[in-house]
Amino acid sequence: MLAWIYQQFFSLYQFFRRYVPQGGHKYHRVENDIESGSEAGTDNYRKAIEANMRIEQLEKQLECVTKERFQLQENARDVGQLRKEKENAFKMFRDSQEKITALQKEKGDVTTRFQDSQEQINVLQKEKSDVLTRFQDCQEKINVLQKEKSDALTRLSEVMGSKLRDNNPAITDLNDPNRPMKLGDQFSELYENEWTDAYSELEDCKKFAEIEIIEILLKILREIYDTSLADVSQQLSGHRNTVHGLSDDEIEGFIKAVKDSIKTNASKYIPLLRKKITSESSSCKTVVQHRDCCLAYIEICVNLCYFVAVQDPPMVIDFKPGPIFDKQSWKEYTRSGTEVEYVVWPALYLYKAGPIMSKGVVQPKETN
């Protein structure tokens with residue numbers, strides 16, 4: 001385009017050199033031709049006008065082309081910048097692609113390691129499950145063995161305790177709620193509670209004097225105690241009769257088992273004994289006579305007296321203190337003194353001439 005424009009300018013330049021003299025008016029020769037009426041001058045003038053118009057067009061085109069050229073140069077610079085940006089973007093893309101590839105490879109490696117770890121975890125979990133199963137089996141075996149050991153120790157303790165307790169009242173079974181020590185406590189509580197209630201009942205209902213009430217309550221206890229001893233003795237005698245003719249050494253184990261059986265079944269037998277003692281046909285006349293007023297006292301007396309009687313050897317309830325007050329085995333009732341006037345409540349011993357388990361109560365004689 002520029003070459004064509006330059007060619008047109010060159011042609012016009014040649015034209016003007018022909019018709020326009022150097023240093024003269026632009027259209028001097030043409031005007032002369034017009035004034036002279038020359039036909040050739042008219043043509044030249046027209047051609048000059050057309051050339052001038054053509055020059056103006058070419059100048060405009062040249063200006064537009066120049067602007068386009070500048071714009072193209074600007075665009076070329078922008079294109080260069082865009083090419084650089086494209087190259088940078090492409091380089092960044094390649095770098096990112098390489099990083100993605102590296103990350104994908106790393107992901108693959110991590111996935112592989114994860115799968116390997118998962119397999120190891122599964123193996124370890126299976127091993128853990130197997131170990132837990134074996135542990136539970138061992139624990140069950142241990143529990144069984146511990147139970148067997150406990151049962152064996154219990155049986156051994158019972159056997160050894162039984163052997164130690166045979167005819168040895170100083171050693172008692174601590175698991176027995178009716179062992180001598182407990183019976184001693186219950187015997188004291190009987191005097192403090194039920195004896196006091198029965199005393200008040202007899203005093204209010206029957207209008208007995210103090211000494212009469214004490215004698216009645218003491219006699220009730222004595223009748224029940226004697227009956228309990230006789231009952232246990234009768235049971236033992238019946239079993240002895242079954243092995244009559246054998247030596248004591250031969251029947252020793254059998255008699256020991258009989259005594260243990262009587263003691264073991266005491267709580268089941270006591271209700272029957274209580275009914276027997278309080279019946280109209282009972283030999284315990286004082287009990288029968290006052291059973292309505294003293295029923296609670298009578299029931300506790302039967303319970304205690306029978307457990308006293310089934311001990312091996314039997315415990316002893318002492319209703320006869322010596323004439324001189326013995327503070328080791330007896331307590332004073334309402335007054336003090338050195339000589340005993342009468343018994344208020346008996347003493348309880350572990351066995352005959354044995355240690356005191358519950359002190360009795362006596363009323364000393366009045367001193368002047």
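Modeller: Helices here are DSSP runs of H or I with at least four residues, strands are runs of E with at least two, and both are numbered from the N terminus. This is a predicted model, where local features need pLDDT of at least 70, side-chain atom pairs count only at pLDDT 80 or more, and totals for chains, interfaces and linings use all residues. Residues are numbered from 1 along each chain as its sequence is written, and side-chain values use heavy atoms, leaving out hydrogens and water.

Colleague: Why are Arg-46 and Asp-43 said to be separated by about one helical turn?

Modeller: Because they are three residues apart in helix H3 (residues 39-165).

Colleague: What makes Arg-46 and Asp-43 a salt bridge?

Modeller: A salt bridge needs a side-chain nitrogen of Lys or Arg within 4 Å of a carboxyl oxygen of Asp or Glu. For Arg-46 and Asp-43 the N to O distance is 3.1 Å, so the pair meets that definition.

Colleague: Why is Lys-256 called buried or exposed?

Modeller: Buried means under 20% relative accessible area, exposed over 50%, and partly exposed in between, with a 1.4 Å probe and protein chains only. Lys-256 has 17%, so it counts as buried. Its salt-bridge partner Asp-260, at 2.6 Å from N to O, has 32% and is therefore partly exposed.

Colleague: And what makes Lys-126 exposed?

Modeller: Its relative accessible area is 54%, so Lys-126 falls in the exposed class. Lys-126 also forms a salt bridge with Asp-130, their closest N and O atoms being 3.4 Å apart. Asp-130, at 30% relative accessibility, counts as partly exposed.
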